[in-house]
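Q: Could you take a close look at the aromatic rings in this one and walk me through what surrounds them?

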Amino acid sequence: MATGVKPRVKVPGSASAGEVITIKTLISHPMESGQRKDSDGNKIPRSIINRFTCDFNGQNVIDVTLEPAISTNPYVEFQATVPETGEFQFKWYDDDGSVYEDNKPITVG
Amino acid sequence: MDFTRRETLALGAGAALMSFLPMRANAEAVDDLIAAFTGGAEMGDAGVDLNAPEIAENGNTVPVEVSAPGAKAILLLAAGNPTPPVAQFNFGPLAGSQTASTRIRLAGTQDLIAIAQLGDGTFARTSKTVKVTIGGCGG
């Protein structure tokens with residue numbers, strides 16, 4: 001179980017219709033790979049975020065499968081097209097079943 | 001403890017074999033993962049880009065960027081990691097461009113492999129060697 005998980009997302013507040021914007025996301029998470037050992041030589045069990053998705057008004061932008069080889073505090077940067085005013089939904093799926101969510105509105109003007 | 005020449009040679013050969021075995025198992029795992037992604041289809045060279053530093057000082061966080069214009073998905077593998085898969089990016093209809101960057105762990109100096117499923121259903125492959133000064137697997 002990971003504690004202190006906090007998503008951070010950077011999305012511009014406004015855009016013109018059809019504009020391609022860059023989105024940067026970061027979530028604080030240890031991403032325990034399952035390869036490390038503690039001081040007694042026992043394996044530390046794997047605990048990672050295994051999937052990240054971004055949707056805009058219900059339409060998919062990107063769906064990423066993450067493996068233990070992704071660094072601590074997984075950072076993903078990608079680009080999205082903004083056809084209309086709406087909201088980006090970000091979801092991170094943890095190994096333990098929890099889902100962390102964040103939403104960012106964007107206005108087209 | 002005394003070793004005859006024959007025993008010493010046998011030991012040396014055994015040790016050499018042991019050190020090669022994990023490498024070979026890993027190469028097979030990589031081939032299996034690629035086959036699972038492409039379905040055994042032929043791969044071209046053009047259409048996918050992989051951006052990574054030539055020398056990474058810290059294997060715990062190596063910035064990489066993949067891009068493949070018009071691709072549906074990109075698979076990223078690290079051939080020398082204990083578990084080769086790194087990430088798979090699936091692009092939806094609202095993806096502005098088929099580009100993504102992230103930070104990854106590398107256990108040591110090795111080849112990164114990116115395979116893209118292009119818009120017409122064909123596959124493209126590229127790879128890049130990254131030198132790692134300090135490995136990122138907490139060993």
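A: Let's start with the count: there are 7 aromatic pairs over all chains, where rings of Phe, Tyr and Trp (its six-membered ring) pair if their centres lie within 6.5 Å, with planes under 30 degrees apart called stacked, over 60 edge-to-face and the rest tilted. One of them joins Phe56(A) and Phe88(A), a tilted pair with 4.7 Å from centre to centre and 50 degrees between the planes. Phe56(A) belongs to strand E4 (residues 49-56) of chain A and Phe88(A) to strand E7 (residues 86-94) of chain A, so the pair ties together parts 32 residues apart in sequence. Strands here are DSSP runs of E with at least two residues, helices are runs of H or I with at least four, and both are numbered from the N terminus.

A word on the ground rules: this is a predicted model, in which local features need pLDDT of at least 70 and side-chain atom pairs count only at pLDDT 80 or more, while totals for chains, interfaces and linings use all residues. Residues are numbered from 1 along each chain as its sequence is written, chains are lettered from A and ligands numbered from 1 in the order in which they are written, and side-chain values use heavy atoms, leaving out hydrogens and water.

Back to the pair. Phe56(A) is buried at a relative accessible area of 1%, and Phe88(A) is buried at 0%; buried means under 20%, exposed over 50% and partly exposed in between, with a 1.4 Å probe and protein chains only. Both rings belong to one aromatic cluster, along with Phe52(A), Phe78(A), Phe90(A) and Trp92(A).

Charges come into it too. The charged end of Arg51(A) sits over the ring of Tyr93(A), 4.9 Å from its centre; that takes NZ of Lys or CZ of Arg within 6 Å of the ring centre and within 35 degrees of the ring normal. Arg103(B) does this across chains, lying over the face of Tyr75(A) at 4.2 Å from the ring centre.

That brings us to the interface. There, 28 residues of chain B are in contact with 30 residues of chain A, contact being heavy atoms within 4.5 Å. In chain B, Leu94(B), Arg103(B) and Arg105(B) lose the most area to chain A, together 32% of what that side buries. The rule finds 0 salt bridges across this interface, a salt bridge being a side-chain nitrogen of Lys or Arg within 4 Å of a carboxyl oxygen of Asp or Glu.

Conventions: Buried area is the accessible area (1.4 Å probe) that two parts lose on being put together, summed over both.
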